[in-house]
Amino acid sequence: MPEASDTQGILRQNLIDAGCDQELVQRCVALTQGERTAEVLRILSRHRRTLLDTVHLGEKQIDCLDYLVYKMKKEQHLEE
């Protein structure tokens with residue numbers, strides 16, 4: 001766990017916690033050291049969209065499973 005005064009360590013850990021791979025972490029850290037915040041923000045926005053797309057796909061898959069379970073239970077009750 002980085003110290004509160006270790007801003008690079010905090011940035012690194014936050015990026016890791018956000019699911020960024022090592023290459024992306026290194027890139028963002030290097031860009032912040034070069035004071036290229038706008039570029040880092042674009043990269044993080046792209047990563048966020050990717051994560052959100054993954055969430056939406058998971059939601060769609062859950063909906064499909066829920067529907068399948070619903071149909072199977074409905075059919076089971078008809079047979080009883």
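Gln33 is out in the open: its relative accessibility is 54%, so it counts as exposed. Its place is in helix α2. This is a predicted model, so everything below is read from computed coordinates. Three things to look at are the nonpolar core, the long run of α3 and the one salt bridge that a search of the whole structure turns up.

**Around α2**

- Start with Gln33 again, a residue of helix α2. Gln8 sits 25 residues away from Gln33 in sequence, yet their C-alpha atoms are 8.7 Å apart in space.
- Val29 also has partners from elsewhere in the sequence. Leaving out residues up to four places away, Val29 touches Gln8, Leu11 and Arg12.
- Gln8 therefore turns up twice, once as a contact of Val29 and once in the spacing to Gln33, with exposure of Gln33 following from its 54% relative accessibility.

**The nonpolar core**

- Which residues make up the largest nonpolar core? Nine do: Leu15, Cys20, Leu24, Val25, Cys28, Val29, Leu31, Val40 and Ile43.
- Two elements, α2 and α3, each give two or more residues to this core.
- The largest share comes from α2, with five residues.
- As general background, nonpolar side chains in soluble globular proteins tend to be buried together.

**The loop before α3**

- Glu35 lies in the loop between α2 (22-33) and α3.
- The backbone of Glu35 is worth a glance: phi is positive, about 55 degrees, although Glu35 is not a glycine.
- Is Glu35 buried or exposed? Glu35 is exposed, because its relative accessible area is 70%.

**Salt bridge**

- How many salt bridges does a search of the whole structure find? The search finds one.
- The partners are Glu39 and Arg36, and their closest N and O atoms are 2.6 Å apart.
- In general, side chains of opposite charge can pair when their charged atoms come close.
- Both partners have some surface showing. Glu39 has a relative accessible area of 21%, so it is partly exposed, and Arg36 counts as partly exposed at 45%.

**Helix α3, from end to end**

- Helix α3 covers residues 37-79. With 43 residues, α3 reaches 63 Å from its first C-alpha to its last, close to the 63 Å expected at 1.5 Å a residue.
- Which residues of α3 are buried? They are Val40, Ile43 and His47.
- What covers these buried residues of α3 includes α2. Val40 and Ile43 are also members of the nine-residue core.
- His47, in helix α3, is buried because its relative accessible area is 16%, under the 20% cut-off.
- Look at the neighbours of His47: not counting residues up to four places away in sequence, it touches Ala18, Gly19, Cys20 and Leu24. Cys20 and Leu24 appear in the core list as well.

**Further along α3**

- Lys60 lies in helix α3 too. Its relative accessible area is 56%, so Lys60 is exposed.
- Lys60 and Lys74 are 14 residues apart along the chain, and 21 Å separates their C-alpha atoms.
- Leu65, Leu68 and Met72 make a nonpolar surface patch of about 320 Å².
- Leu68, placed in helix α3, counts as partly exposed because its relative accessibility is 46%.
- A general point helps in reading that patch: an α-helix has 3.6 residues a turn, so residues three or four places apart point the same way.

Notes: Residues numbered from 1 in each chain as written. Predicted model: local features only at pLDDT ≥ 70, side-chain atom pairs only at ≥ 80, totals over all residues. Heavy atoms only, no water. Patch = residues over 30% accessible without salt bridge, like charges linked within 9 Å, V, L, I, M, F, W, Y side chains within 5 Å. Areas by Shrake-Rupley, 256 points an atom, 1.4 Å probe, with all protein chains shown as cover. Salt bridge = Lys/Arg side-chain N within 4 Å of Asp/Glu carboxyl O. Helix = DSSP H or I, 4+ residues; strand = E, 2+ residues; numbered from the N terminus. Buried < 20%, exposed > 50% of the residue type's maximum accessible area, 1.4 Å probe, protein only. Core = buried A, V, L, I, M, F, W, Y, C linked by side-chain atoms within 4.5 Å. Contact = heavy atoms within 4.5 Å. Expected span 1.5 Å × (residues − 1).
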